[in-house]
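Student: Hello! Could you take me through one part of this model closely, and then show me how it sits in the whole?

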Amino acid sequence: MKSLRLDHFALIIAIAAIVALSLWPLKSHGEGGDHEEDGHGAGGDAGGGHSAAHWSYAGAEGPEHWGDLSPDYAACKAGRMQSPINIAAGATGLSAAASGNDYTYQAAPLSILHNGHTVQLNYAPGSSMSVQGEKYDLLQFHFHAPSEHTVDGKPYPMEAHFVHKDSHGGLAVVGVLIEEGAANAALAEAWTHLPAHETPEQMIADVSVNASAVLPADGRYHHYKGSLTTPPCSEGVRWFVLAEPISMSAAQIKKFEDAAGPNARPVQPLNARLLIGSD
Ligand SMILES: [Zn+2]
């Protein structure tokens, strides 16, 4: 009888240990952001599945310390091609001829999550962007408040990042600056489902979102080679920051700020890079 009880006790300990071990990586995986800007590329690059070091936007785990939090995050400190950057309006070759990348975005079912760092809308396969003949699939878009890229040293209230990947794993991100103004109709329905705190991916039945309706009319951009703006700060990301901002109402901006802001990495040195305008 006594030994039976001991067996039971041992069994309970073993089950508790298995549960604890199986939850641990799930938790840190979620925080590392499986689908984050970063997540899609970073999962592989940084050896993703195992526990990524926790990071945040302030204090001891804030942007100034990201490079010291884990060897996986070394690029955050040592990288010479980091994002975001300041865009000096006069320093770009942005031309008057309207052109840009080719977007073939379709409407997709609304799939929304809060990963502890941002609110993200995952995108169903079938939407893509063409950059000089090269196809990049749209994976997701998410938001930062205030904006990460600044223009002449000034941030916008928010910025959206449309994250794309090509067939070789190369990442291209389209940054769209968001100013305060008219309510954004294309995001209105998504915003009614905006999670107020960390929440797993939710598919919202009968609600769709169209990323093409979120983009501004003018496709001209500032292009440069940069990085993920969150750990592990991997480089080799093709950035296209659109010149024309879109708008959101003060209430829409506040709803995001209350849920996930502030979540902007400070601007990084341009170093030897060129900022190129579309033409
Ligand atoms: Zn981002």
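Which residue of strand 6 does serine 130 stand opposite?

Tutor: Serine 130 stands opposite lysine 135. Before we go on, this is a predicted model, in which local features need pLDDT of at least 70 and side-chain atom pairs count only at pLDDT 80 or more, while totals for chains, interfaces and linings use all residues. Residues are numbered from 1 along each chain as its sequence is written.

Let's stay with strand 5 (residues 128–131), which is joined to strand 6 (residues 134–144) by 4 bridges, running antiparallel. This hairpin has 2 residues between its strands, and in it glutamine 132 takes a positive phi near 45°. Strand 5 also pairs with strand 2 (residues 102–104), again in the antiparallel sense, over 3 bridges. There, threonine 104 has serine 128 as its bridge partner. Strands pair if DSSP finds at least two bridges between them.

Now for the whole: the protein has 7 helices and 15 strands. These are DSSP runs numbered from the N terminus, helices being H or I with at least four residues and strands E with at least two. Of the 279 residues, 39% are buried (20 or more other C-beta atoms within 10 Å of the residue's own, against 12 or fewer for exposed and partly exposed in between, with C-beta atoms placed from the backbone).

Burial brings us to the largest nonpolar core, which has 54 residues; such a core is a set of buried Ala, Val, Leu, Ile, Met, Phe, Trp, Tyr and Cys residues joined through C-beta atoms within 7 Å. Strand 10 (residues 171–180) gives the most to it, with 7 residues. Among the residues with the most contacts inside this core are Met158 and Phe256.

Phe256 belongs to helix 7 (residues 250–260), where Gln252, Ile253, Ala259 and Ala260 are buried too. Why do these lie on the same side of helix 7? Because they cover an arc of only 130° around the axis, taken from the directions from the helix axis to the C-beta atoms. Ala250, Ala251 and Asp258 are exposed on the other side.

Leaving aside neighbours within four places in sequence, phenylalanine 256 is in contact (C-beta atoms within 7 Å) with residues including Val119, Phe143 and Gly261. Glycine 261 also lies 8.3 Å from histidine 117, C-alpha to C-alpha, although they are 144 residues apart in sequence. Histidine 117 sits in the loop between strand 3 (107–114) and strand 4 (119–122), and it counts as buried because 22 other C-beta atoms lie within 10 Å.

How values were computed: Two residues are in contact if their C-beta atoms, placed from the backbone, lie within 7 Å.
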